[in-house]
Amino acid sequence: MSMTSSPPPVAARVIAIDGPAAAGKGTLARRLAHELGFRHLDTGMIYRAAARLLLAAGGDPDDGAAAERAARAMRIEDLGRADLRQETVGQAASRIAALEPVRAALLDFQRAFGRMQPGAVLDGRDIGTVVFPDAQAKLFVTASPEARARRRQEELRARGLASIFADVLEEMRQRDRRDRERAVAPLRPASDALLLDTTDMSADEVFAAALAYVNARL
């Protein structure tokens, strides 16, 4: 499917949350879904699942044909694997996400999920701009690269993984660059999205602001 094709009408209530890595969008999406009784999909895990399948097969993340095959082989069961959070998988996921055949292969999956009742919260990089541009509520969650690198380092430390802050920050900046500059569905806020900069906000403050906005939109 072409990434420029028009999405089908939204049959259920959809909340689209976009933003760069470690900005807090996943935590926010889960809390909103729980509060509203909606389904939740971390769309980044779809790309991670496809990337893991690709790496397990010895494939190259820059090989478009191999990456597309992995994306089409991805099943819902693959999203529950514990190794999807590995940094190598995340870096590969960021690279294959820049490939149009991969994004097209996973587009229908995301749209089908979003149309399920009673509603859905999807977080990713292009939910409000490409996947569901007609979503009832759109948020773009961001933070400074330094704040996001600290959060990512804390996540790694919690999993017992040592890391150097400068390395984590550089990887974060590289990923941001790939996401912003890719030709297909680049990372950017939708024109009608609420912008939330979480650099100096607590998770509770972010949730309160987002919930007030979503309730007003729905």
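## The largest pocket

In this predicted model, the largest pocket has a volume of about 860 Å³. If you want to find its centre on screen, look for Ala22, Lys25, Gly26, Arg85 and Arg152, which are the closest to it among the 42 lining residues. By class, that lining holds 19 charged, 13 nonpolar and 10 polar residues.

Several elements share the work of lining this pocket. Helix H1 (25-36) gives the largest share, with six residues. Others that each supply at least two residues include H2, H4, strand E3 (119-124), helix H7 (145-158), helix H8 (165-181) and helix H9 (203-217).

## A backbone detail beside the pocket centre

Ala22, already met as one of the residues closest to the centre of the largest pocket, is worth a second look for its backbone. Alanine 22 has a positive phi of about 65 degrees, although this residue is not a glycine. Its place in the chain is the loop between strand E1 (13-18) and H1.

## The largest cavity

The model also has one cavity of 30 Å³ or more. The space in the largest cavity comes to about 60 Å³. Its lining consists of Glu87, Gln91, Arg152, Leu156, Val168, Glu171, Met172 and Arg175. Sorted by class, these residues are four charged, three nonpolar and one polar.

Which helix gives the most to the lining of the largest cavity? That is H8, with four residues. H4 and H7 are also among the helices that each supply at least two residues to this lining. Arg152 is a handy landmark here, since this residue lines the largest cavity and is also listed among the residues closest to the centre of the largest pocket.

## How H7 packs on H8

Two packed helices are described by the angle between their axes and the distance between the axes. For H7 and H8, the angle is about 120 degrees and the axes are 9 Å apart. The two helices are therefore oblique to each other, and their crossing is right-handed.

On the H7 side, the contact is made by Pro145, Glu146, Arg148, Ala149, Arg150, Arg152, Gln153 and Leu156. Their partners in H8 are Phe165, Val168, Leu169, Met172, Arg173, Arg175 and Asp176. By class, this contact has seven nonpolar, seven charged and one polar residue. Arg152, Leu156, Val168, Met172 and Arg175 take part in this contact and appear in the lining of the largest cavity as well.

## How H2 packs on H4

Helix H2 (residues 43-56) and helix H4 (residues 87-96) pack at an angle of about 105 degrees, and their axes lie 8 Å apart. That angle makes H2 roughly perpendicular to H4.

From H2, the residues in contact are Tyr47, Arg48, Ala50, Ala51, Arg52, Leu54 and Leu55. From H4, they are Thr88, Val89, Gly90, Ala92, Ala93 and Ile96. This contact counts nine nonpolar, two polar and two charged residues. Both helices also belong to the set that supplies at least two residues each to the lining of the largest pocket.

## A cis peptide bond before E3

One more backbone feature deserves a stop on your tour. What kind of peptide bond joins glutamine 117 and proline 118? The bond is cis, with omega at about 5 degrees. Proline 118 sits in the loop between helix H5 (100-114) and E3. Strand E3 itself supplies at least two residues to the lining of the largest pocket.

Technical notes: Residues numbered from 1 in each chain as written. Predicted model: local features only at pLDDT ≥ 70, side-chain atom pairs only at ≥ 80, totals over all residues. Heavy atoms only, no water. Axes fitted to C-alpha atoms, helices over the stretch in contact; angles between N-to-C directions. Parallel < 35°, antiparallel > 145°, perpendicular 65-115°, else oblique. Contact = heavy atoms within 4.5 Å. Nonpolar A, V, L, I, M, F, W, Y, C, P; charged D, E, K, R; others polar. 1 Å grid on protein atoms, 1.4 Å probe; cavity = no way out; pocket = protein on both sides within 12 Å on 5 of 7 lines; lining within 4 Å. Points joined across faces, edges and corners; volume = space filled by probe spheres on them. Left-handed = near helix turned anticlockwise from the far one by under 90°.
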